[in-house]
Amino acid sequence: MKYYSTNGKAPIADLHKAVVKGLAEDRGLYMPEEIKKLPKAFFDDIQDMKFQDIAYNVASAFFGEDVDLDALKDIVYDTLSFDCPVVEVKENIYSLELFHGPTLAFKDVGARFMARLLQYFIRQEANHQQVNVLVATSGDTGSAVANGFLGVEGIHVYVLYPKGKVSPIQECQFTTLGKNITAIEVDGVFDDCQALVKNAFMDEALNQHMKLTSANSINVARFLPQAFYYFNAYARMKALGKADQLVMCVPSGNFGNICAALFGHAMGLPIKRFIAANNANDVFYNYLQTGRYEPKASVQTLANAMDVGDPSNFARIYDLYGKSHERISSLISGATYSDDQIRETMRQCYLDTKYILDPHGACGYQALADGLQAGEVGVFCETAHPAKFKEKVDNILGIDVEIPDRLAAFMKGKKQSVPMTKDFSDFKAYLMKQ
Ligand SMILES: *Cc1c(COP(=O)(O)O)cnc(C)c1O
C-alpha cells in the first residue's frame with residue numbers, strides 16, 4: 001500500500017517510511033491510497049469472533065501487503081492482550097470500555113502496535129541502527145507510549161513532561177519503568193516540552209548524531225489500530241441483536257480515535273452514523289454547523305485529554321470525504337459540553353444507573369442521551385478508567401473510586417527522571433552525550 005500526504009506536496013511513501021517518519025515532508029498526514037472493503041462473510045460471522053481475531057482481519061486488510069502475515073498476527077495478538085467489552089449503562093446506551101489496557105488508556109493499543117511495527121521495520125534495515133523516540137506529554141500519551149515501547153529492542157524512548165503538571169498516577173506510569181524508557185522532567189509547561197521535541201527534529205547536528213522519530217498520534221501505525229475497537233463493538237452489539245441502527249459516539253480531542261472509526265466505516269463497518277463529543281473545545285462542532293474550520297487556542301477543561309484547539313486529524317477526515325462539508329456533516333454530528341454540564345452528567349448518570357463515568361466518557365454518554373433518535377442504539381467510548389482521574393471523580397460524585405491493581409502497581413515503583421531546563425541548548429547537549 002502506498003501513502004500520500006494530505007498536503008499533496010510530498011513524495012508518495014510506503015508503510016515503512018510512513019511509520020518511521022510519522023509526518024510527511026510537507027507537514028501533511030499520511031493517508032493510504034486505497035481503503036479495502038472487508039468481505040460480507042466477515043461481517044456475517046463477526047459476532048462469533050473474538051477481539052483478537054477480528055483485529056487480525058482488519059489489520060491484514062490494512063497492513064497485509066507490507067507486513068509478513070505471521071509477524072502481523074504476532075503484533076496484533078501481542079498488542080491486544082486484554083478485552084474491550086460493551087456494558088449496558090441505560091436502555092439503548094452502551095459503554096464501550098476502552099480502558100482495559102496496560103495503562104488503562106485506549107492509547108495503549110496504538111502505542112504498542114506502533115512500537116512493534118517500528119521494531120519490525122528497523123529489523124529489516126541493513127544497519128539496525130537504534131531509533132530514538134521523542135514524545136512530549138501532558139500525561140496520558142506519555143504513559144501509553146512508554147508502556148507500549150517498554151522492552152522493545154532497538155528503540156529508546158524519551159518522555160518529556162512538564163514538572164509538577166501531571167497527576168501523580170500519570171507520572172508514575174512513565175518515570176518508574178527504567179530499561180529503554182527515560183523520563184525527562186522539564187522545568188516548564190507542556191508547550192515547552194513540545195517545543196523541545198520540535199527543535200530536536202529540526203536540529204541537523206542532532207539528527208546526524210542519532211536517529212530520531214516521534215510517537216505522535218498522527219502516525220498511521222498509532223491511529224489506525226484504534227479501528228479494531230469499533231469492529232469489536234459492532235460484533236458485541238450484533239451478538240446482542242442490537243446492531244441494526246448503531247450510532248457510535250466518540251469523545252474527541254485530536255480526532256485520531258474517531259478518525260480510525262471512520263476508516264472502519266469506509267471498510268464497510270455497518271455503523272449508521274457517528275457523533276463526535278467535545279468538551280468546551282468546540283472547533284469541530286463549529287465546523288459542522290458553519291462549514292468553516294477555524295482553529296483556536298485550547299481551553300482547559302475537566303476532560304483535559306480532549307483540550308485541543310486545532311485537532312491534527314481533521315486533515316484526514318476532511319480528505320477522507322473529498323473535503324465535502326455536506327458528506328462530513330451528514331455522517332457525523334457534534335456535541336459540546338461545559339465543565340458544569342460534564343459534572344452534572346456524571347452525577348445524574350451515577351444516580352440513575354450507578355455507572356461511574358470519567359469526565360471524557362461523560363461527554364460521550366451525554367451526547368447519546370441528547371441525540372439518539374427513535375430506533376437507534378448508541379455506543380459511546382469510555383476512553384479512560386475513572387480511577388485515572390480519581391481526584392476529580394471522587395470530588396464530583398462524593399465516592400472513593402477503587403484503584404485497579406494494575407494502576408496501583410505503578411505507584412510502588414521508584415521515580416527516576418532527568419531534570420531539564422526548557423532551553424533547547426541544554427536538551428541538545430544532553431542528547432549529544434547519549
Ligand atoms: C486521548 C484521549 C481522548 C481523545 O482522543 P483523540 O484520539 O485525541 O480524539 C479522549 N479521552 C481520553 C481519556 C484520552 O486519553
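This is a short dialogue about reading aromatic pairs, charges over rings and a cavity in a predicted model.

Q: Let's start with the rings. How many aromatic pairs does the structure hold?

A: Keep in mind that this is a predicted model. It holds 21 aromatic pairs.

Q: How do I read a single pair?

A: A pair of aromatic rings is described by the distance of the centres and the angle of the planes. Try it on Phe62 and Phe263: their rings are 6.1 Å apart, centre to centre, with 40° between the planes, and the pair is tilted.

Q: Where in the chain do Phe62 and Phe263 sit?

A: In distant parts of it. Phe62 belongs to helix α3 (residues 51-63), while Phe263 belongs to helix α12 (residues 256-266), and 201 residues separate them.

Q: Is Phe62 buried or exposed? And what about Phe263, buried or exposed?

A: Here a cut-off helps: buried means under 20% relative accessible area. Phe62 has 3%, so it counts as buried. Phe263 comes out at 0%, so it is buried as well.

Q: Can we go through another pair? Why is the one between Phe63 and Phe113 called tilted?

A: Look at the angle. Planes under 30 degrees apart count as stacked and those over 60 as edge-to-face, with the rest called tilted. The planes of Phe63 and Phe113 stand at 35°, so this pair is tilted; the ring centres are 5.4 Å apart.

Q: Which helices does that pair link?

A: Phe63 is in helix α3 and Phe113 is in helix α5 (residues 107-124), so to speak a bridge between distant parts of the chain, 50 residues apart. As for burial, Phe63 has a relative accessible area of 1% and is buried, and Phe113 is buried too, at 0%.

Q: Which residues form the aromatic cluster?

A: The four rings we've met are in it, along with Phe223 and Phe228: Phe62, Phe63, Phe113, Phe223, Phe228 and Phe263 form one cluster.

Q: What can sit over a ring, apart from another ring?

A: A charge can, as with Lys354. Its charged end sits over the ring of Tyr350, 4.6 Å from the centre. Lys73 likewise lies over the face of Tyr56, at 5.0 Å from the ring centre.

Q: Now for empty space. How many cavities of 30 Å³ or more are there?

A: The count comes to one. The largest cavity has a volume of about 40 Å³.

Q: Which residues line the largest cavity?

A: Among them are Ser252, Phe255, Asn278, Phe284, Met306 and Pro311. By type, the lining divides into six nonpolar residues, four polar and no charged.

Definitions and conventions:
Residues numbered from 1 in each chain as written. Predicted model: local features only at pLDDT ≥ 70, side-chain atom pairs only at ≥ 80, totals over all residues. Heavy atoms only, no water. 1 Å grid on protein atoms, 1.4 Å probe; cavity = no way out; pocket = protein on both sides within 12 Å on 5 of 7 lines; lining within 4 Å. Points joined across faces, edges and corners; volume = space filled by probe spheres on them. Nonpolar A, V, L, I, M, F, W, Y, C, P; charged D, E, K, R; others polar. Phe/Tyr/Trp six-rings, centres within 6.5 Å; stacked < 30°, edge-to-face > 60°. Helix = DSSP H or I, 4+ residues; strand = E, 2+ residues; numbered from the N terminus. Buried < 20%, exposed > 50% of the residue type's maximum accessible area, 1.4 Å probe, protein only. Lys NZ or Arg CZ within 6 Å of the ring centre and 35° of its normal.
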